[in-house]
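This note is addressed to a colleague who is new to the structure. It takes up the surface charge and then the cysteines, point by point.

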Amino acid sequence: VVLDPEDQHLRHVEKDILIPKIMREKAKERCSEQVQDFTKCCKNSGVLMVVNCRKENSALKECLTAYYNDPAFHEECKMEYLKEREEFRKTGIPAKKRLQKVPTSM
């Protein structure tokens with residue numbers, strides 16, 4: 001079966017799993033300050049992190065949720081996914097491998 005690189009149709013697994021995965025990764029990058037604050041609090045609190053880090057946890061959740069609920073952000077991640085999929089269908093090379101540096105000499 002030859003898949004059209006230009007095809008924009010999304011399968012359920014792409015809609016429900018692959019695109020949300022990109023959204024989570026990008027949202028974590030964009031909320032990096034809150035991620036760092038929460039991580040630092042957890043490291044410094046040990047067993048008491050559940051009690052001590054409520055403020056940081058709430059800030060992180062609020063930041064991530066704002067991205068997850070943003071239709072423009074969803075569209076951006078969907079387009080990124082479609083672009084990667086189109087490239088894969090044209091070249092047969094997954095994005096991870098394309099992004100790796102190819103050794104020039106052995």
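1. Which residues form a positive surface patch? In this predicted model, the patch consists of Lys-21, Arg-24, Lys-28 and Lys-96. Helix H1, which covers residues 12-30, contributes the most to the patch, with three residues.

2. Lys-96 is located in helix H6, spanning residues 95-99. This lysine counts as exposed because its relative accessible area is 66%, and the cut-off for exposed is over 50%.

3. Helix H1 also contains Glu-29. With a relative accessibility of 58%, Glu-29 is classed as exposed. Its C-alpha atom is 9.8 Å from that of Leu-64, although the two residues are 35 positions apart along the chain.

4. How many disulfides does the model contain? The count is two. With the bonded cysteines counted along the chain, the pattern of pairing is 1-4, 2-3.

5. One disulfide connects Cys-31 with Cys-63, at an S to S distance of 2.0 Å. It brings together distant parts of the chain: Cys-31 belongs to the loop between H1 and helix H2 (32-45), Cys-63 belongs to helix H4 (residues 54-68), and 32 residues separate them. The torsion about the S-S bond of Cys-31 and Cys-63 is about -90°, and the disulfide is therefore left-handed. Both Cys-31 and Cys-63 are buried.

6. Another disulfide is formed by Cys-41 and Cys-53, whose sulfur atoms lie 2.0 Å apart. This pair likewise links distant parts of the chain, with Cys-41 in helix H2 and Cys-53 in the loop between helix H3 (49-52) and H4, twelve residues apart. The link of Cys-41 and Cys-53 is left-handed, with -95° about the S-S bond.

7. Are Cys-41 and Cys-53 buried or exposed? Cys-41 has a relative accessible area of 12% and is buried. Cys-53 is also classed as buried, because its relative accessibility is 1%, and buried means under 20%.

8. Why is Cys-42 not bonded to the cysteine with the closest sulfur? The closest cysteine sulfur is that of Cys-53, and the distance of 4.4 Å is too far for a bond; a disulfide requires the sulfur atoms to be within 2.5 Å. Cys-42 counts as buried, at 15% relative accessibility.

9. A further cysteine, Cys-77, deserves a brief remark. Its relative accessible area is 0%, so Cys-77 is buried.

Note on methods:
Residues numbered from 1 in each chain as written. Predicted model: local features only at pLDDT ≥ 70, side-chain atom pairs only at ≥ 80, totals over all residues. Heavy atoms only, no water. Patch = residues over 30% accessible without salt bridge, like charges linked within 9 Å, V, L, I, M, F, W, Y side chains within 5 Å. Areas by Shrake-Rupley, 256 points an atom, 1.4 Å probe, with all protein chains shown as cover. Salt bridge = Lys/Arg side-chain N within 4 Å of Asp/Glu carboxyl O. Lys, Arg positive; Asp, Glu negative; His and termini not counted. Charge placed at Lys NZ, Arg CZ, Asp CG, Glu CD. Helix = DSSP H or I, 4+ residues; strand = E, 2+ residues; numbered from the N terminus. Buried < 20%, exposed > 50% of the residue type's maximum accessible area, 1.4 Å probe, protein only.
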